[in-house]
Amino acid sequence: MAATTRLPDGFTWGVATSAFQIEGATTEDGRGPSVWDTFTAAPGKIRDGHTADPACDHYHRYPEDVALMKELGVGAYRFSIAWPRVRPTGSGPVNPAGLDFYERLVDALLDAGITPMATLYHWDLPQPLEDRGGWLDRDTAHRFGEYAALAAERLGDRVGHWITLNEPFEHMALGYALGRHAPGHSLFLDALPAAHHQLLGHGLATAALREAGAASVMLTNSYTPAVPFDGGAAHRAAADAYDVLHRRLFTDPVLLGRYPDLTAFGLGGLALPFVKDGDLDLISQPLDGLGVNYYNPTRLTAPEPETLLPFDIAEFDHVPTTDFGWPVIPSGLTRTLLDLTADYGDALPPLWVTENGCSYDVAPAADGTVPDRDRIDYLDAHVRAVADAVDQGADVRGYLVWSLLDNFEWAEGRHQRFGLVHVDDATQDRTPKDSFHWYRALIAGQVR
């Protein structure tokens, strides 16, 4: 039976992008600097010194990109709104030109029959807020709530789904704990306030969106099954610890109104000083959906004596990998969706796969096609993995491919190509890949 026929009526197919990765125009029409502008300008931070301007020049070429989505036949487009384009200093005056751009984009999507799914924060914090402490400072959460209200006031009558945050674990871990992403701090466990303040910002934004009449409010987390190296007790304990840090730290407060046990990290029984009375009530407001970004599982081993965390990460044996070196294990998506369903029960809102995709660098052939068979195989297997989860009881409402376009892939610059559409770095020419045509056929019910 075709995977598409095993999915519920009204299942939504879509694509996803983020503002900093595709828009370009980083200094146009009043946009202020973000932490990623600062980070990319620092020598040695981005592979080969690549920058995100012009990225995909989506700021100027969005009509072409919306036309591609219409041709693809998607029902939803997940994009992000750039906070520094809307409120350049993170607080203070609004930039009308920034909101005008997103209004034009939203209207173009609606004219094309595509539901806008707007993410308010995809890592591009206004630099002036970072200068005052960023997500380590509680005040940033309150400024985020204000920004959410401003965006909803202008766009709330037309945006079908709002997502507050994208992948707060990655932003905390890579941006504040390990220094590999903007803003580039290496604080290790002292980065934990950035986790809580992001979630507090989510709660304040949720309240602002509800006040503005938003029909659907969601949060998107990244999820990765924590797989022990083998059946040994020490390896299982390492996997459990990793699951607490990556999954439960960013899901339990939202769905259960409490933080998980952090004993494995030396924090068992200790009150987290940055959590104030009433915070968890804000954070745990009911949601209309939970976004799941899935790329691969993570294999864990017991830590070596000199390791500062209660786990080490190991590679999977004899598993194909993408150009990013990520293991291709579609069953991990099934497990992710079923684990969430089992572990959170009635507290779990409907699930959306808000990102799933793969990096393969395939150049256009002489005949103008882009034969990315590996991407087709990857997506086909993961769509079937979603259908397997639905067969076993997971309530999944949509699946969005990362990404519509080859884009600026953070610290990797332009070296990782996730797009259904090839983008020429020099000319900005868009060429739909074979995977684009496959996905269009899937959406049309022509793939078995």
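**A three-stranded sheet and some residues around it**

Let me begin at the surface, with Leu-178, which counts as partly exposed at a relative accessibility of 41%. Before going further I should say that what we are looking at is a predicted model. Leu-178 sits in the loop that runs between helix H8 (168-177) and helix H9 (192-211), and together with Phe-188 and Leu-308 it makes a nonpolar surface patch of about 290 Å².

Another loop residue is Ala-42, which you will find between helix H2 (35-41) and helix H3 (58-72). Ala-42 is also partly exposed, its relative accessible area being 28%. If you want a sense of distance, Ala-42 and Leu-280 are 238 residues apart in sequence, and from C-alpha to C-alpha they are 37 Å apart in space.

Now to the sheet. In which order do the strands of this open sheet stand? There are three of them, in the order S6-S8-S9, and their pairing is mixed. Strand S6 (226-228) and strand S9 (312-314) stand at the edges and have a single partner strand each, so one side of each is left without a neighbour in the sheet. On average, and ignoring direction, neighbouring strands here are turned by 50° against each other.

It helps to recall that strands of a sheet pair through backbone hydrogen bonds, either parallel or antiparallel. In this sheet, S6 pairs with strand S8 (residues 298-301) in the parallel sense, over three bridges, whereas S8 and S9 pair in the antiparallel sense, likewise over three bridges. To follow the first pairing residue by residue, look at Val-227, whose bridge partner in S8 is Arg-299, and then at Pro-228, whose bridge partner in S8 is Leu-300. Leu-300 also stands opposite Ile-313 in S9.

Are the residues on the two faces of S8 buried or exposed? Thr-298 and Leu-300 on one side, and Arg-299 and Thr-301 on the other, are all buried, and both faces of this strand are therefore covered, where buried means under 20% relative accessible area. The arrangement of these residues can be read alongside a general rule, namely that in a regular strand the side chains alternate between the two faces of the sheet.

I will finish with Asn-221, whose place is in strand S5 (residues 217-222). Asn-221 is buried, with a relative accessible area of 2%, and its side chain reaches the backbone oxygen of Phe-250 at 3.1 Å.

Notes
Residues are numbered from 1 along each chain as its sequence is written. This is a predicted model: local features need pLDDT of at least 70, side-chain atom pairs count only at pLDDT 80 or more; totals for chains, interfaces and linings use all residues. Side-chain values use heavy atoms; hydrogens and water are left out. Two strands pair if DSSP finds at least two bridges between them. Helices (H or I, at least four residues) and strands (E, at least two) are DSSP runs, numbered from the N terminus. Axes are lines fitted to C-alpha atoms, for helices over the stretch in contact, and angles run from 0 to 180 degrees between N-to-C directions. Buried means under 20% relative accessible area, exposed over 50%, partly exposed in between (1.4 Å probe, protein chains only). Patches are made of residues with over 30% relative accessible area and no salt bridge: like charges are joined within 9 Å, nonpolar side chains (Val, Leu, Ile, Met, Phe, Trp, Tyr) within 5 Å. Accessible areas come from the Shrake-Rupley method with a 1.4 Å probe; for residues, only the protein chains shown count as cover. A salt bridge is a side-chain nitrogen of Lys or Arg within 4 Å of a carboxyl oxygen of Asp or Glu. A polar contact is a pair of N or O atoms within 3.5 Å; within protein, one must be able to donate a hydrogen and the other to accept it, and residues adjacent in sequence count only if both atoms are side-chain atoms.
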